[in-house]
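Open the model in your viewer and keep the sequence panel beside it. The stops below each give a selection to make and say what to look for there.

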Amino acid sequence: MMLSRYFDYYPTLGERVYYADGAKIIGRAELGDHVNIWFNTVVRADVNFIKIGKNTNIQDLCMLHVTEINSLTIGENTSLGHSVILHGCKIGNGCLIGMGAIILDGAEIGDNCLVAAGSLVTPGKKFPAGSMIKGRPAVVERPLSAEEIERVSNHYKAYVVYKDQYLRMGETHGTDQEKLPNKG
């Protein structure tokens, strides 16, 4: 089952949310309008809550989890690249979190930040808005330019289009095997 309860907690979904085949959304997960959760991603809101803001995309193979102390909040218009791990942290609006990045308990990423692919944000680390965040452990490399902020904060728009394309194909959550062309 793709949507699962945890005790008496059930996921809540906004309007025109898409979750792909293999995605698991569990417990106290709140997804805003137009959120899209891609193939084989886990959103595990069991011992605390996860809130995902509108238009945000969580790409293939991401892992989102919490602790009893640290919930997980992702702002609006944010993109998580493939295989991102978020654990009990806070991500601002208009961010782009690069593929394979890991952001740990109590960390905070300000609005309109770019976290470079493969970066490791250590527990409790806080980063200001408009930063290029990079490394293992991650540090602020420099402030983003106005042009970079424009590009990063609008990255989500492509995924809203992709989500709408999947929904137009008549899918509510993943590949519709009956609509695939006959390969025989």
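Select helix 1 and look at the face turned away from its buried side: the exposed residues there are Ala146, Glu147, Glu150 and Arg151. Bear in mind throughout that this is a predicted model. Now colour Glu148, Val152 and Ser153, the buried residues of helix 1, which spans residues 146-153. Viewed down the helix axis, these buried residues fall within an arc of 120 degrees, so they line one face of helix 1. To see what covers them, add strand 13 (96-97), strand 16 (114-115), strand 20 (138-143) and helix 2 (156-168), which are included in the cover.

**Serine 131**

Go next to strand 19, residues 131-135, where serine 131 is found. Is serine 131 buried or exposed? Its relative accessibility is 3%, so serine 131 counts as buried. Show its side chain: a polar atom there lies 2.8 Å from the backbone oxygen of proline 128. Then display the contacts of serine 131 beyond four places in sequence, which are Asn112, Cys113, Leu114, Val140, Arg142 and Leu144.

**The cysteines**

One of those contacts, Cys113, leads to the next selection. How many disulfides does the structure hold? The number is zero. Cysteine 89 is in no disulfide, and the nearest cysteine sulfur, that of cysteine 95, is 11 Å away. For cysteine 113, which is also in no disulfide, the nearest cysteine sulfur again belongs to cysteine 95, at 5.0 Å. A disulfide requires two cysteine sulfur atoms within 2.5 Å, so the 5.0 Å separation at cysteine 113 does not qualify. Check the surroundings of both residues: cysteine 89 counts as buried at 3% relative accessibility, and cysteine 113 is buried with a relative accessible area of 0%.

**Strand 6 and its partners**

Select strand 6, residues 42-52. Bring up strand 4 (24-31) alongside; the two strands run parallel and are joined by seven bridges. One pair to pick out is lysine 24 with valine 42 of strand 6, its bridge partner. Valine 43 is the next residue to click: its bridge partner is leucine 64 in strand 8. Strand 8 covers residues 63-65 and pairs with strand 6 in the parallel sense over three bridges. Strand 9 also runs parallel to strand 6, again with three bridges. Here isoleucine 52 stands opposite isoleucine 74.

**The cores**

Stay on isoleucine 52 and show its contacts, leaving aside neighbours within four places in sequence. They are Glu30, Leu31, Gly32, Val35, Ile37, Val43, Ile58, Leu64 and Ile74. Which residues touch the most other members of the largest nonpolar core? Select Ile37, Ile52, Leu64, Leu86, Ile103 and Ile109, which do so among its 36 residues. Two or more residues of this core come from each of strand 4, strand 6 and strand 9 (72-74). Strand 6 gives the largest share, four residues. For the last selection, choose Tyr18, Ala20, Trp38 and Tyr159: they are among the six residues of another core, which lies apart from the largest one.

Conventions:
Residues numbered from 1 in each chain as written. Predicted model: local features only at pLDDT ≥ 70, side-chain atom pairs only at ≥ 80, totals over all residues. Heavy atoms only, no water. Core = buried A, V, L, I, M, F, W, Y, C linked by side-chain atoms within 4.5 Å. Buried < 20%, exposed > 50% of the residue type's maximum accessible area, 1.4 Å probe, protein only. Contact = heavy atoms within 4.5 Å. Pairing = 2+ DSSP bridges. Polar contact = N/O pair within 3.5 Å; in protein donor to acceptor, adjacent residues only side chain to side chain. Arc of directions from axis to C-beta.
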